[in-house]
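Student: I would like a close look at one part of this model, taken slowly and set against the whole chain. Could you start from the overall order of elements and then settle on a single residue and its surroundings?

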Amino acid sequence: MALALLGRWVHAFAQGWLMFQLTGSALWLAAAAALAALSALPLAWLSGTRLANCPPPRRLVFAYGGLILVALACAGLLFSGRLSPWQLLLAAAAYGGLAAVEAPALAAVVGASASVAGRQACAARFALLFNGMRILAPALAAALIAGAGVAACFVFNAVCLVPILVLALRFPPSWRPSEEESQLAKGPALFRPRALLASAAVFSALVLPTAALLPAIAHEAGGDPLALLSRLSSGLGAGALGSALLLCRWRPIAAVR
């Protein structure tokens, strides 16, 4: 999972950098982020509700296979010199939708742990990996862009997703959590759904614009924009990781959950 997250953060860094290189416009950066989020909305709902009867391994194979194809398509078009901003927009939308299909299926697999302690440990490790890879990926992406070009970042992402695709393929195709595991995975209802949705919407509205517009900010600040973008992107991950560690240290565990 760490390798998959590393590849996807590298892909996201390269996508933003390339979009601004192609267009020089913050509006195009905003459009890519908006399309990725808007495509995720219906697909996340479908994956968590209507497609819930489809075994999680099949959904994971579909999502990871699609993510690899999108990354390779971006690399191929870029190598051939035919990648346009519109095609990059479509790739961002496809990537957002496929990631939304993956998330509920992955949660179903992780949530099927046999014990409450096991689920909490998995959730803690995933949060650590998510933000840890977000810190490492920008420096790696900047090095790849400087040494081999943006297309190398897309190829790197595709390669990083292969191991987790292989793991998903090794699951029995019809595997699904047992009824007991499903009940354990749900756990106690700590928040009202509407309040949780409102919190997630506000958080996304505050965070997504900052992350989406970093390439434009790095160019406006002067100096080496690639190096500055790398530091700014890593700073977002470091801030998130630091906040999470502070929460775990100072807040009651119930509130953290």
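Tutor: Read from the N terminus, the elements of the protein chain follow the order α-α-α-α-α-α-α-α-α-α-α, and the secondary structure amounts to 11 helices and zero strands. Please keep in mind that this is a predicted model. Of the 257 residues in the protein chain, 38% count as buried, and the accessible surface comes to about 13,800 Å², with 71% of that surface belonging to carbon and sulfur atoms. Among the contacts in the protein chain with a separation of 6 or more, 84% are between residues 24 or more positions apart.

The residue to settle on is Tyr95, which lies in helix α4, residues 85–110. Tyr95 has a relative accessible area of 9%, and because buried means under 20%, Tyr95 counts as buried. Once its neighbours within four places in sequence are left aside, the residues in contact with Tyr95 are Arg8, His11, Leu67, Val70, Asn157 and Leu161. With one of these, Asn157, the side chain of Tyr95 makes a polar contact of 2.6 Å. A further pairing to look at is that of Tyr95 with Ala40, since these two are 55 residues apart in sequence while their C-alpha atoms are 8.7 Å apart in space.

Helix α1, residues 2–23, deserves a look as well. Of the 22 residues of α1, 16 are buried, so this helix is largely enclosed by the rest of the structure. Its length can be checked too: at 1.5 Å a residue, the 22 residues of α1 should span 32 Å, and because the end C-alpha atoms are 32 Å apart, the expected and computed spans agree. After α1 comes Gly24, which has a positive phi, near 65°.

A last point concerns the cysteines. A disulfide is a covalent bond between the sulfur atoms of two cysteines. The structure holds zero disulfides. Cys74 is buried, with a relative accessibility of 4%, and Cys160, at a relative accessible area of 3%, is buried as well.

To return to the residue we began with, the picture is of a buried Tyr95 placed in helix α4, with a side-chain polar contact to Asn157 and with Arg8, His11, Leu67, Val70 and Leu161 also among its contacts.

Technical notes. Residues numbered from 1 in each chain as written. Predicted model: local features only at pLDDT ≥ 70, side-chain atom pairs only at ≥ 80, totals over all residues. Heavy atoms only, no water. Helix = DSSP H or I, 4+ residues; strand = E, 2+ residues; numbered from the N terminus. Buried < 20%, exposed > 50% of the residue type's maximum accessible area, 1.4 Å probe, protein only. Contact = heavy atoms within 4.5 Å. Polar contact = N/O pair within 3.5 Å; in protein donor to acceptor, adjacent residues only side chain to side chain. Disulfide = S-S within 2.5 Å. Expected span 1.5 Å × (residues − 1). Areas by Shrake-Rupley, 256 points an atom, 1.4 Å probe, with all protein chains shown as cover.
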